[in-house]
Amino acid sequence: MVLLPAPSEQPRAGSPGGARHVIINVGGCRLRLPWAALAHCPLARLARLRACRGPDEVLRVCDDYDAGRDEFFFDRNPCAFRTIAALLRAGKLRLLRDSCALAFRDELAYWGIDEARLERCCLRRLRRREEEAAEAERGAGSGRTSQASPECALAAGGRLARGRQLLRDVVENPHSGLAGQLFACISVAFVAITAVGLCLSTMPDIRAEEERGECSPKCRNLFVLETVCVAWFSFEFLLRSVQAESKCAFLRTPLNIIDILAILPFYVSLLVDLAAGGRPGAGAGPAGGNKLLERAGLVLRLLRALRVLYVMRLARHSLGLRTLGLTARRCARELGLLLLFLCVAMALFAPLVHLAERELGARRDFSSVPASYWWAVISMTTVGYGDMVPRSLPGQVVALSSILSGILLLAFPVTSIFHTFSRSYSELKELQRRAASLEPTPREDSTRSPTEGSAHSPDGLLATADAGSADAGPGPEQWA
């Protein structure tokens, strides 16, 4: 290792035109640059080479230096450097489709390149990938203790920890074996039975019996069926809570909150029935004329309406429903923009149609602006119930404008939501496949090997290692 020359340009022997050139070697990919051009290089790490005065300073910037060939070695990803080299040649920085966005971000940080230099579409992809990684990290952090290996569990708590791990496999992972599949099938069957029972409980004859405070055998059978289903759901909830390492994190999970909201109304209604002196399942009807019982009956009917949340339990066993929930969470911003667009358009078209119909057309349908908001909603969503119809010519012009605007506004975020849904489905399907195979697979976005990437490097970006790589590099005027 020798000292580097001072900032004053000292030509190397054999350099064309007397100008000094250096070679940047990144994992075997070599780039030949003028020494003077490093002062204006957008790669801050390369620009720091000119300020080095000794071997120690050089090794803090690069991994090795060949004084005889004036070659600096960097042990970094050559595939990513090929893409970064495009910034030197063309002044544009793009993220390749088959490269890992997070790994490329690390490479940009190493070379000292601002992420804002990325093209707008590539920067959006990087930000989206960062959000997904942060979300996955939060999910992994909450479930890291609950997904420990059986060996670690056995070493930590002996038989109790091993039993908890087996219980976790049965309850949470249907692909763990026959017991897990059987448990999942029973859970889905009880959800289906609950949905059927909920439909039967709304039949007119049963509703009439509940209002009269009577309890026929049919009503009693439905109550027994609901009791058995709730007992299973309560048992399943207890099993899930027992196997969870962190009870607070368990109770904060959205699906567990839905379970609580679906199970709790049954026990509350049962206690209210018993406190009111009635028979369970008969309801607290207003037969006695007691105001307290009337209010209790209203509360019971509202609580029993929450039984529809049982259907949401299918999300534990349905890949499609989990994909829908993940897409809604990831597209919260797009859905918020959609609601904002609709609200603004409603605030615009509702007063216009009220003015056109009420003042100019003398119609009674559009009695007020708030009443016109309903018409604006059903018109912009192209539902058109027909309960409020503009008759005058100005009102029909406003209606046509609202319908066309609604079609355009609804179409704006659809593409982004569709791509998010497709990506979320692929990710969940991959996770399900890994859980079924129990074999670790390489990361989906991993960077390719140097041999693989060299076949796809952009033409003319890098100089090769042969003697034909002596062309002069780009001048500093391209990097200013």
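Me: Which residues are linked with Arg105 in a network of salt bridges?
Reply: The model is predicted. Side chains of opposite charge can pair when their charged atoms come close. In this chain, a network of salt bridges takes in Arg105 and Arg127 together with three acidic residues. The residues linked with Arg105 are Asp106, Glu115, Arg127 and Glu130.

Me: How many salt bridges does a search of the whole structure find?
Reply: The search counts a side-chain nitrogen of Lys or Arg within 4 Å of a carboxyl oxygen of Asp or Glu. Among the pairs in the structure is Arg30 with Glu71, at 3.3 Å from N to O. Over the whole structure, the search finds 10.

Me: Is Glu71 buried or exposed?
Reply: The side chain of Glu71 meets that of Arg69 in a salt bridge at 3.7 Å, N to O. Arg69 is partly exposed, with a relative accessible area of 48%. Buried means under 20% relative accessible area. Glu71 has 2% relative accessibility, so Glu71 counts as buried.

Me: Which helices hold Glu427 and Arg330, whose side chains meet in a salt bridge?
Reply: The side chains of Glu427 and Arg330 meet at 2.7 Å, N to O. The pair links distant parts of the chain, 97 residues apart. Glu427 lies in residues 414-437 and Arg330 in residues 319-330, which are helix 17 and helix 13.

Me: What share of the 480 residues of the chain counts as buried?
Reply: The chain has 18 helices and four strands. Its exposed area is about 27,000 Å², with 62% supplied by carbon and sulfur atoms. Of the 480 residues, the share that counts as buried is 36%.

Notes
Residues are numbered from 1 along each chain as its sequence is written. This is a predicted model: local features need pLDDT of at least 70, side-chain atom pairs count only at pLDDT 80 or more; totals for chains, interfaces and linings use all residues. Side-chain values use heavy atoms; hydrogens and water are left out. Helices (H or I, at least four residues) and strands (E, at least two) are DSSP runs, numbered from the N terminus. Buried means under 20% relative accessible area, exposed over 50%, partly exposed in between (1.4 Å probe, protein chains only). Accessible areas come from the Shrake-Rupley method with a 1.4 Å probe; for residues, only the protein chains shown count as cover.
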